[in-house]
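Visitor: I would like a close look at a single part of this structure, followed by an account of what surrounds it. Please take it slowly and keep to what the model shows.

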Amino acid sequence: MKIEMLFGGNTRFAVLEALANAYDGTTAYQIAITKGLDPSATYRCLTELLEFRIVESETKERNQTFYKLSEGSGRAAAEFLRSLKQKTSESVDLEKWMSPEMQAERMKKIVRFDQLDKSKFRNKNENQSIDEIMSKRTPGELSALIASSELAFDELFEQEDNMFILKI
Amino acid sequence: MTENRSIEETRNRFKTSPEYTELKGERDPFKRRMLFLGLFTKTLKQNGVEAILVGGEAIDIYTAGTFATADVDLVVDNKAITEKFLNRFGFGKEANGLWLNKDLIIVVQVITNPYSGDPEKLRKFKVKDHELRVAAPEDLIQNRLYSAKFWKSNTQRDMEQSIALLKIFADSIDNTYLDKIAKENDIVDYLAEARKYALET
């Protein structure tokens, strides 16, 4: 049996592994890129883990959402993953690891996720409409930024045929 | 041990080279990244590695640094050689897999997945004597709108960058191609919103 299967598949295993190594949190984009995962599958997986309180999310500067393992169940999952990887590297029989006795021992440590209020852990920005998100700037601010981009681009580069040449 | 010493010697040689001195002396972070990209992708090319600039830094170039990014995303066809040269260029690998040069304040992300956009549409930039290939605006718009719709890590940034590219390249964007990739990626609704804002902006 592959250890990834214990976590419900390769994606969940890879996401948990990435989160276990990112103590200060990381974005869905970083996880997908570093682990070579499908972006939408990564996002779905993070949403599931948020619902089960294994993962916490925080919106930081520039409205970016960072994910990290929760202190309780998240860290327990990481510890489980670490011990499992350690055991497999020591060639411990995974069938034994899955035996009823060992399962019972692990079950004692597991939190009852189904009794949690999942609404508390959803990303607050998730259901915002595009109009709401786009209204965060003052009127005309984005237009000015775009106009200055065009001017700066023309100052920095000159075009020859299909090539933009940096003026240095 | 001998290999480590060799890398260290190469690093030291590079750090005293005129190219590195010029890079370090460039105070404008945008120009410094451009100079680095020109020199680095030229080195990769000389060693048989093809590189394409994608992601935030590609948008950064098209917007001349107005929509600045944190890292340089490079799609390469040989990770081992790329990382070897990053090391020689004075970069160190961080725990999150990113490469950081603390002198130049440049962060590089090496991407080995095949380039997902249309290679025929890549735009070419010339930095000194080297050609830099950059992801097409159409593919970057698709990427950002996909991120806005499904990843939601920074929807405001993703929407604004898409709108900026739509606006700046209004005359040269291949709308047929953009519509096609939007449909394939289930982001037709977000593309319509971005176009609406680009018209109003």
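My request concerns one residue: where in chain B is the place of Ala64(B)?

Guide: The model is a predicted one, and what follows should be read with that in mind. Ala64(B) sits in the loop of chain B between helix 4, which covers residues 55-62, and strand 2, which covers residues 72-76. Its backbone deserves attention, since the phi of Ala64(B) is near 50°, a positive value in a residue other than glycine. As a general matter, most residues other than glycine have a negative phi. As for its surroundings, Ala64(B) counts as partly exposed because it has 19 C-beta neighbours inside 10 Å, whereas a residue needs 20 or more to be called buried.

Another residue of chain B can be set beside it. Ile105(B) also has a positive phi, near 55°, and it too is a residue other than glycine. Ile105(B) is found in the loop that lies between strand 4 (99-101) and strand 5 (106-111) of chain B. Here the neighbourhood holds 10 C-beta atoms inside 10 Å, and Ile105(B) therefore counts as exposed, the limit for that class being 12 or fewer.

Both loops belong to a chain with 9 helices and 7 strands. Chain B has 201 residues, of which 43% count as buried, and among its contacts between residues at least 6 apart in sequence, 62% join residues at least 24 apart. One piece of its helix packing can be described in detail: helix 6 (residues 137-151) and helix 9 (residues 188-200) of chain B pack at an angle of about 115°, with their axes 9 Å apart, and their crossing is right-handed. On the helix 6 side the residues are Leu145(B), Ala148(B) and Lys149(B), and these meet Tyr190(B), Leu191(B) and Ala194(B) of helix 9. Sorted by class, this contact between helix 6 and helix 9 of chain B has 5 nonpolar residues, no polar ones and 1 charged residue.

These two helices also lead to the partner chain. In all, 35 residues of chain B are in contact with 40 residues of chain A. On the side of chain B that touches chain A, at least two residues each come from strand 5, strand 6 (123-127), helix 6, helix 7 (155-168) and helix 9. Helix 7 of chain B gives the largest share of that side, with 9 residues, and the residues of the side as a whole divide into 14 nonpolar, 13 polar and 8 charged. Strand pairing links the chains as well, for strand 4 (residues 163-166) of chain A and strand 6 of chain B run parallel and are joined by 3 bridges. Within that pairing, Phe164(A) has Phe125(B) as its bridge partner.

Chain A itself has 8 helices and 4 strands, arranged along the sequence in the pattern α-α-α-β-β-α-α-α-α-α-β-β. Buried residues make up 22% of its 168 residues. The largest nonpolar core has 78 residues, and those that touch the most other members are Leu46(A), Leu53(B) and Ala58(B). If residues up to four places away in sequence are left out, Leu46(A) touches Val15(A), Ala28(A), Val55(A) and Tyr67(A).

Conventions:
Residues are numbered from 1 along each chain as its sequence is written. Chains are lettered from A and ligands numbered from 1 in the order in which they are written. This is a predicted model: local features need pLDDT of at least 70, side-chain atom pairs count only at pLDDT 80 or more; totals for chains, interfaces and linings use all residues. Axes are lines fitted to C-alpha atoms, for helices over the stretch in contact, and angles run from 0 to 180 degrees between N-to-C directions. A crossing is left-handed if the near helix is turned anticlockwise from the far one by less than a right angle, and right-handed if clockwise. Two residues are in contact if their C-beta atoms, placed from the backbone, lie within 7 Å. Ala, Val, Leu, Ile, Met, Phe, Trp, Tyr, Cys and Pro count as nonpolar, Asp, Glu, Lys and Arg as charged, and the others, Gly among them, as polar. A nonpolar core is a set of buried Ala, Val, Leu, Ile, Met, Phe, Trp, Tyr and Cys residues joined through C-beta atoms within 7 Å. Two strands pair if DSSP finds at least two bridges between them.
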